[in-house]
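Here is a walk through how the pieces of this model pack together, sheet by sheet and helix by helix. Have the structure open as you read.

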Amino acid sequence: MFPIYKKELQSFFYTPFAYAMAMLFMLLFSLSFSTGIAKLDNSHTWAFSFTEMFYSVILYFIFLLPILTMRTFADERKNGTEVLLMTSPVSTGRIVIAKFLANITVYLFMLAGTVIFPIITAIKGEVVMSQLICAYIGIFFWGAMYIALGMLISAFTENSIIAAIIGEVVMFALLFVDDFANTPFISQYPAIKKFLYAFAAQPRFSYFSEGFIRLSDLTFFLSAIIVLLIWTYIVIEKRRWNRG
Amino acid sequence: MLFCDNKAVCYDGIKAPCFYFFNSDFSIGKEHLMITIENLTKYYGSNRAVNHISFTINDNEILGFLGPNGAGKSTTMNMIAGYLPMSDGKVTINGADVTKEPLKAKRNLGYLPEIPPVYPDMKVHEYLSFCAGLKKVPVGKRKSEIDRVMGLLKIKDVKGKLIRNLSKGYKQRVGFAQALLGDPKFLILDEPTVGLDPNQVAEVRELIKSLKKDHSVIFSSHILSEVSAVCDRVVIINKGDIRAIDTIENLEKSFTVSLVLHIKIKGSKGKAASIIEMTKGVREITAVDDEGDGVYSFTVQLEGDSDSVRDSVMAECLKNGISIIEIYTDRPNLESVFIELINRPAKKDGLRELLDEMPDESGDSDETEDEDETEEKEDE
């Protein structure tokens, strides 16, 4: 399993890929950061919220994370290297986990780049640490869930561009599913509203951003990750059976 | 569950070197040193690609897998290597069933698929060290192992190059090097010489021959001369059916039984015919053509050693004053054996006759029934 993890990391870090991703992410974050600062008025207490920034950052996820995950399985299939992995003494489950961990590592690298903004703030002022840490935990889990989702979509196809586009659509839909559930039309049907709400990550994240770590929210993200990874595993195995 | 899996993996990662040794020592028991393939069948939807094939690969043997394009060679190899699941049947590698104990089975296996499984954005040595890790080569041995396979395939000069920049021949050799990593007992090579230049083809053939010392090799090709140059035994396959399993000599011999002698003489037709018929080793005269001016050409069926029969026919004719204008034997070579086997419809009797290796009589007849059924369906 470790060799696959290492190989995935090499493909991210030996190429400009991971750095470009991290840079783009920082750039987008700094955009939110500078608007945050620009909004400061001349009152005695200058305050802005990092957690609010994270909300806009999540929107950028939709564009960045599918690009991160699109190649995971699609490229293996395109290069014919899936055969190599499948005929090596490594089980499919471990291949999925190794690739997931590699994607998570790049994602952590991207998140680490954004730590610079709270640091700058801390030098000139004060940062509410508890809230910030909770927000980071929340955003980490949300991203991890999207990575698992992106991997699943990548396992469906052998064209990485298609994987990215479908990933963007699905993630976009998932991001706004709670807003959709709150529309007057859906609100007429409480059952549907409740059902849609079960998939909504945003209300869960809002607890994190306010500084709460609730077990139910953690369970939501973790179970979503596990379900998506198992689904990925099933899709890969199923494709082997249906190949022809 | 995720966490559990993780732990198991780490554990395995630490134990891997010892396990590797233990495993390979353990599995070198005399009786298991082979791959057995029993009733292997593959359907793609309702389309049957491989039909109940059975054979074994013995220790230190090069087995040629010969058939035209689309015969089911790659499908069979993918199934043996555990990439494609089979619709029916069983593959056992060193006693480990590929579907039931895949990890154990795959440790003894090196596989070079039809398209070399290389990552275009990796350098050759990076790729090989990745594969060495994947195949659980102990960390301490990896460097020497990679050097060894690079030496064998003569790819040391490109080891720092990106695979995407390599020519097809080099890519093929990098893929081949990957299959040799970890010194697996069995090698499955799917058309390893495709895309190589003649010089490289000769090198690769030599390499495959030299591998025989420590490995057993299954080697597929649609090029006959290649198979006859390298392999000990040949499995001839077409449209998913095995047409023959035998050594090359036996295949040739079995078809040289029906040797044909062509002789053109000048002189008395009846006299010549009686002389020829009297000669030992002549079965019968099948045709006599009158070509005018007292020239007759005989087509004669021979049995036994064709060369000596030809010589004695010639000697008898000359002794009796019949002048020979032309004499030659029509010897079916492997090429025609191959073509005949491929084109022969897989009839029940033919299969019985050919598949000495298939012990299961009931399986044999089932197979033919199956075939009839599918043929009917196709007709519909």
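## The four-stranded sheet of chain B

In this predicted model, chain B has an open sheet of four strands, ordered β12-β13-β11-β14, with antiparallel pairing. β12 (282–290) and β14 (323–330) of chain B sit at the edges, each pairing on one side only. Going from one strand to the next, the twist averages 20°. For a pairing to look at, take β11 (residues 259–266) and β13 (residues 295–302) of chain B, which are joined in the antiparallel sense over eight bridges. If you want a spot to zoom in on, B:V260 stands opposite B:Q301 in β13(B).

Two helices pack on this sheet. Helix α10 (residues 269–278) of chain B touches β11, β12 and β13 of chain B, and its direction makes about 160° with that of β12(B). Helix α11 (residues 306–319) of chain B touches β11, β12, β13 and β14 of chain B, and here the direction makes about 170° with that of β14(B).

## The six-stranded sheet of chain B

Chain B also has an open sheet of six strands, this one with mixed pairing, in the order β6-β7-β8-β3-β9-β10. The edges belong to β6 and β10 (241–247) of chain B, each of which pairs on one side only. Ignoring direction, neighbouring strands here are turned by 15° against each other on average.

Start at the β10 edge: strand β9 (residues 233–238) of chain B pairs with β10(B) in the antiparallel sense, over six bridges. B:N238 stands opposite B:D241 in β10(B). Now jump to the β6 edge, where β6(B) and β7(B) pair in the parallel sense over four bridges. There, B:G110 stands opposite B:L187 in β7(B). β7(B) is also joined to strand β8 (residues 216–221) of chain B by five bridges, and these two run parallel as well. In β8(B), B:F219 is the bridge partner of B:L189.

## A closer look at β7

So how enclosed is β7(B)? Five of its five residues are buried, so β7(B) is largely enclosed by the rest of the structure. Both of its faces are covered: B:F186, B:I188 and B:D190 are buried on one side, and B:L187 and B:L189 are buried on the other. Note that B:D190 is on that buried list too.

One helix to check here is α6 (residues 168–180) of chain B, which lies across β6 and β7 (186–190) of chain B and runs at about 170° to β6(B).

## Helix against helix in chain B

Two packed helices are described by the angle between their axes and the distance between the axes. In chain B, take α4(B) and helix α5 (residues 139–153): their axes come within 10 Å and cross at roughly 120°. That angle makes α4(B) oblique to α5(B). The crossing is right-handed.

Which residues do the touching between α4(B) and α5(B)? From α4(B) come B:H125, B:L128, B:S129 and B:A132, and they meet B:R142, B:E145, B:I146 and B:V149 in α5(B). By class, this contact divides into four nonpolar, two polar and two charged residues.

## Helix against helix in chain A

Over in chain A, helix α2 (residues 17–38) and helix α6 (residues 92–114) pack at an angle of about 40°, with their axes 9 Å apart. α2(A) and α6(A) are therefore oblique to each other. Their crossing is right-handed.

On the α2(A) side, the contact is made by A:A18, A:M21, A:A22, A:F25, A:M26 and A:F29, while α6(A) brings A:V106, A:F109, A:M110, A:G113 and A:T114. The tally for this contact is nine nonpolar, two polar and no charged residues.

## Where the chains meet

How many residues of chain B are in contact with chain A? There are 31, and they touch 28 residues of chain A. On the chain B side, α1 (2–27), α3 (102–107), β6 (109–112) and α4 (124–134) each supply at least two residues. α1(B) gives the most, with five residues.

Split by class, the side of chain B that touches chain A has 19 nonpolar, five polar and seven charged residues. Two elements from earlier turn up again at this interface: β6(B) and α4(B) are among those that supply at least two residues each.

Notes:
Residues are numbered from 1 along each chain as its sequence is written. Chains are lettered from A and ligands numbered from 1 in the order in which they are written. This is a predicted model: local features need pLDDT of at least 70, side-chain atom pairs count only at pLDDT 80 or more; totals for chains, interfaces and linings use all residues. Axes are lines fitted to C-alpha atoms, for helices over the stretch in contact, and angles run from 0 to 180 degrees between N-to-C directions. Angles under 35 degrees count as roughly parallel, over 145 as roughly antiparallel, 65 to 115 as roughly perpendicular and the rest as oblique. A crossing is left-handed if the near helix is turned anticlockwise from the far one by less than a right angle, and right-handed if clockwise. Two residues are in contact if their C-beta atoms, placed from the backbone, lie within 7 Å. Ala, Val, Leu, Ile, Met, Phe, Trp, Tyr, Cys and Pro count as nonpolar, Asp, Glu, Lys and Arg as charged, and the others, Gly among them, as polar. Two strands pair if DSSP finds at least two bridges between them. A residue is buried if 20 or more other C-beta atoms lie within 10 Å of its own, exposed if 12 or fewer, and partly exposed in between; C-beta atoms are placed from the backbone.
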